[in-house]
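Reader: I'm new to this one and would like a close look at a single part, the open pocket and what sits around it. Could you walk me through it slowly, starting with any term I'll need?

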Amino acid sequence: MAPALYGAWVSLYRWPGPGAEMTWRGAKNYTALFQNEAFQSSFLNTLVLALGGGAAVFTVTFLAMTVLRQLRGRAFIRSVVFLPMIISAIAVGAAVGFLLNPDGAVNDVLAALGVDGPAWLGPDLIFRCVIAGLVWSSTGFYIALMMSAVDSIPPHLYEDARLVGATQWEQFRHITLPLTWDVFSVAAVLWVVNSLKVFEIVLAFTTGGTPGNPPLEARTVAVQQYISVSGGNAVPDLGQGAAMGVVVVLITLVLILLIRRATRRDSVELS
């Protein structure tokens with residue numbers, strides 16, 4: 001708790017960093033945040049990433065839960081889809097950035113097919129590409145987590161459902177989802193916590209290891225916080241950075257409470 005409380009205290013000051021004088025600002029750091037175009041854009045991007053990226057991750061996860069349950073070689077497939085999770089986020093970001101740059105492999109393949117590749121790294125698409133890279137690298141973790149809950153469901157429930165003519169969708173809706181709901185609730189909280197602090201993949205994707213700040217269209221709050229405390233192209237402001245951290249913590253708590261309330265269900269017990 002000590003670093004968290006210290007960060008909240010620093011958020012009330014203007015402070016260029018250790019060795020410099022701290023100047024009291026009170027709540028002005030917070031009011032200045034919401035008048036800052038860069039913070040507004042990064043804040044909106046972060047919410048889009050948390051909600052839109054989460055919808056994509058769990059859509060793929062639920063489809064995988066339906067398909068992998070009966071598929072041969074499912075243990076091997078789970079290992080393959082989990083593999084991106086153990087790769088460094090910086091490596092994932094850099095690799096996706098290189099693939100999607102104007103002279104990258106994706107546009108080369110499209111050109112060979114007679115199609116002009118879009119400007120993947122342009123302002124209209126860059127953050128969507130970041131989200132796609134994050135979804136690709138993260139989904140395997142949630143598939144592994146949810147499939148561990150699916151494995152604990154007694155097989156005879158599915159056998160009984162098939163005997164009465166239940167479709168795959170009906171089996172998922174009435175058996176798989178209710179009996180894995182508690183794990184889904186935990187997985188949703190984990191996704192929110194992780195998505196609100198996304199940093200490395202954005203930095204690697206947009207800069208490719210070269211000096212410079214990520215474009216405004218691709219920034220998350222964590223990236224904007226890094227620019228604030230490192231100085232970027234201006235004087236470092238640890239007070240502003242700490243204020244961003246406090247805002248993210250508050251938003252995280254609110255979203256977690258909403259998710260826990262939305263996913264609250266009576267426990268399903270097997271007779």
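Author: Let's start with a word that will keep coming back: a residue is called buried when its relative accessible area is under 20%, exposed when that area is over 50%, and partly exposed in between. Take Asn45 as a try-out: its relative accessibility is 11%, so Asn45 counts as buried. Asn45 is found in helix α3. Keep in mind that we're looking at a predicted model.

Before zooming in, here's the overall layout. The chain has 12 helices and two strands. Going along the sequence, the order is α-β-β-α-α-α-α-α-α-α-α-α-α-α. Its C-alpha trace spans about 75 × 55 × 25 Å along the principal axes, and buried residues make up 39% of the 271 residues. For a feel of distances inside that outline, try Asn45 again: its C-alpha atom and that of Val109 are separated by 30 Å, with the two residues 64 apart along the chain.

Now for the part you asked about. The largest pocket holds about 340 Å³ of space. It is lined by 17 residues, and those closest to its centre are Met85, Ala89, Leu134, Ser138 and Glu200. Which elements give two or more residues to this lining? They are α5, α7 (126-150), α9 (168-195) and α10 (200-207). Of these, α7 supplies the largest share, with four residues. Sorted by class, the lining comes out as 11 nonpolar, four polar and two charged residues.

Met85 is worth a stop of its own. You'll find Met85 in the loop between α4 (74-82) and α5 (89-100). Is Met85 buried or exposed, or something in between? With a relative accessibility of 36%, Met85 counts as partly exposed, because partly exposed covers whatever falls between the 20% and 50% cut-offs. Besides being among the residues closest to the pocket's centre, Met85 belongs to a nonpolar patch on the surface, together with Leu83, Ile86, Ile87 and Trp136. The accessible area of that patch is about 500 Å² in total.

Helix α4, on one side of that loop, takes us to a charged pair. Arg78 forms a salt bridge with Asp151, and their closest N and O atoms are 2.8 Å apart. The count for the structure comes to one salt bridge. Arg78 lies in α4 and Asp151 in the loop between α7 and α8 (155-163), so the pair ties together parts that are 73 residues apart in sequence. The two partners fall into separate accessibility classes: Arg78 is at 18% and counts as buried, whereas Asp151, at 47%, is partly exposed.

Finally, there's a closed space to set beside the open pocket. The structure holds one cavity of 30 Å³ or more, and the volume of the largest cavity is about 40 Å³. Its lining is made up of Phe43, Thr46, Leu47, Leu196, Val221, Val248 and Ile251. Two elements, α3 (37-68) and α12 (238-262), each give two or more residues to that lining. The largest share, three residues, comes from α3, the helix where we found Asn45. By class, the cavity lining has six nonpolar residues, one polar and no charged, while the pocket lining does include two charged residues.

Definitions and conventions: Residues numbered from 1 in each chain as written. Predicted model: local features only at pLDDT ≥ 70, side-chain atom pairs only at ≥ 80, totals over all residues. Heavy atoms only, no water. Patch = residues over 30% accessible without salt bridge, like charges linked within 9 Å, V, L, I, M, F, W, Y side chains within 5 Å. Areas by Shrake-Rupley, 256 points an atom, 1.4 Å probe, with all protein chains shown as cover. Salt bridge = Lys/Arg side-chain N within 4 Å of Asp/Glu carboxyl O. Buried < 20%, exposed > 50% of the residue type's maximum accessible area, 1.4 Å probe, protein only. 1 Å grid on protein atoms, 1.4 Å probe; cavity = no way out; pocket = protein on both sides within 12 Å on 5 of 7 lines; lining within 4 Å. Points joined across faces, edges and corners; volume = space filled by probe spheres on them. Nonpolar A, V, L, I, M, F, W, Y, C, P; charged D, E, K, R; others polar.
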